[in-house]
Amino acid sequence: MRTFSIVSVIILKGESKMTVALETRNSYENFVLEKDIMYFRVGEHGLVSFHGKNFHIKKRMSTEQIVEITTGSVFFKVNTDCYVNTHKIVQIQDGKVFFEVKGADSKFTSVTKLRQYRLKEIVQQHKTEAAKK
């Protein structure tokens, strides 16, 4: 979804008036990975599905870009194709990672039992570090 705004430009010499449509990018396309994304899934052929608080975007990425986002310290691999933002987790329970208040409107994804324990340690470490600040 793209929006356009109309900008009028007046050229002083010769009194010419020109109207130009400038493209304004949708703010969802310009998201900040660590700040706006709760989790993402890596699909086939470089298609990555990003999940934010109020949006979901699919982007095609190169192999190098995927390696870069999956090897960072902010995101943790919870199953074969899904990485969660460890700073956005509210609760981990019953094989699920919750990102908002638990309930009908909450965002969550599954986590394997093996990785659930390690993820809880990481989240607790973030809480401890935040309490020290």
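Which residue in E4 does Phe 40 stand opposite? In this predicted model, the residue opposite Phe 40 is Phe 50 in E4. The following paragraphs describe the sheet to which this strand belongs, the helices that pack on the sheet, and the aromatic residues around Phe 50.

The sheet is open and consists of five strands, arranged in the order E5-E4-E3-E7-E6 with antiparallel pairing. Strand E5, residues 56–60, and strand E6, residues 75–77, occupy the edges; each has a single partner strand, so one side of each is left without a neighbour in the sheet. On average, and with direction ignored, neighbouring strands of the sheet are turned by 25° against each other.

Strand E3 pairs with two of these strands. Between E3 (residues 37–42) and E4 (residues 47–52), which run antiparallel, there are five bridges. Within this pairing, Tyr 39 has His 51 of E4 as its bridge partner. The two strands E3 and E4 form a hairpin in which four residues lie between them. In the turn of this hairpin, His 45 has a positive phi of about 60°. Strand E3 is also joined to E7 by three bridges, and these two strands again run antiparallel. Here the bridge partner of Phe 40 is Tyr 83 in E7. In a regular strand, side chains alternate between the two faces of the sheet.

Two helices are placed against the strands. Helix H2, formed by residues 63–70, lies across E3, E4, E6 and strand E7 (82–85), and its direction is at about 135° to E3. Helix H3, formed by residues 113–132, packs on the sheet as well, where it touches E6 and E7. The direction of helix H3 makes about 165° with that of E6. Gln 124 has its place in helix H3. With a relative accessible area of 46%, Gln 124 is partly exposed, because this value falls between the limits of 20% for buried and 50% for exposed residues. Gln 124 and Thr 86 are separated by 38 residues in sequence, whereas their C-alpha atoms are 9.9 Å apart in space.

Phe 50, found in strand E4, has a relative accessible area of 2%. Phe 50 is therefore buried, since this value is under 20%. Apart from its neighbours within four places in sequence, Phe 50 is in contact with a series of residues that includes Phe 31, Leu 33, Ile 37, Tyr 39, Phe 40, Phe 55 and Ile 69. The C-alpha atoms of Phe 50 and Met 38, two residues that are twelve positions apart in sequence, lie 7.9 Å from each other.

The structure holds seven aromatic pairs. One of them is formed by Phe 31 and Phe 50, with a distance of 5.0 Å centre to centre and an angle of 50° between the planes, and this pair is tilted. The pair links distant parts of the chain: Phe 31 lies in the loop between strand E2 (16–24) and helix H1 (33–36), while Phe 50 lies in strand E4, 19 residues apart. Both Phe 31 and Phe 50 are buried. Ring pairs further link Phe 31, Phe 40, Phe 50, Phe 55, Phe 75 and Tyr 83 into a cluster. Within this cluster, Phe 40 and Phe 50 are the residues that stand opposite each other in the strands, and Phe 40 and Tyr 83 are bridge partners.

Definitions and conventions:
Residues numbered from 1 in each chain as written. Predicted model: local features only at pLDDT ≥ 70, side-chain atom pairs only at ≥ 80, totals over all residues. Heavy atoms only, no water. Pairing = 2+ DSSP bridges. Axes fitted to C-alpha atoms, helices over the stretch in contact; angles between N-to-C directions. Contact = heavy atoms within 4.5 Å. Buried < 20%, exposed > 50% of the residue type's maximum accessible area, 1.4 Å probe, protein only. Phe/Tyr/Trp six-rings, centres within 6.5 Å; stacked < 30°, edge-to-face > 60°.
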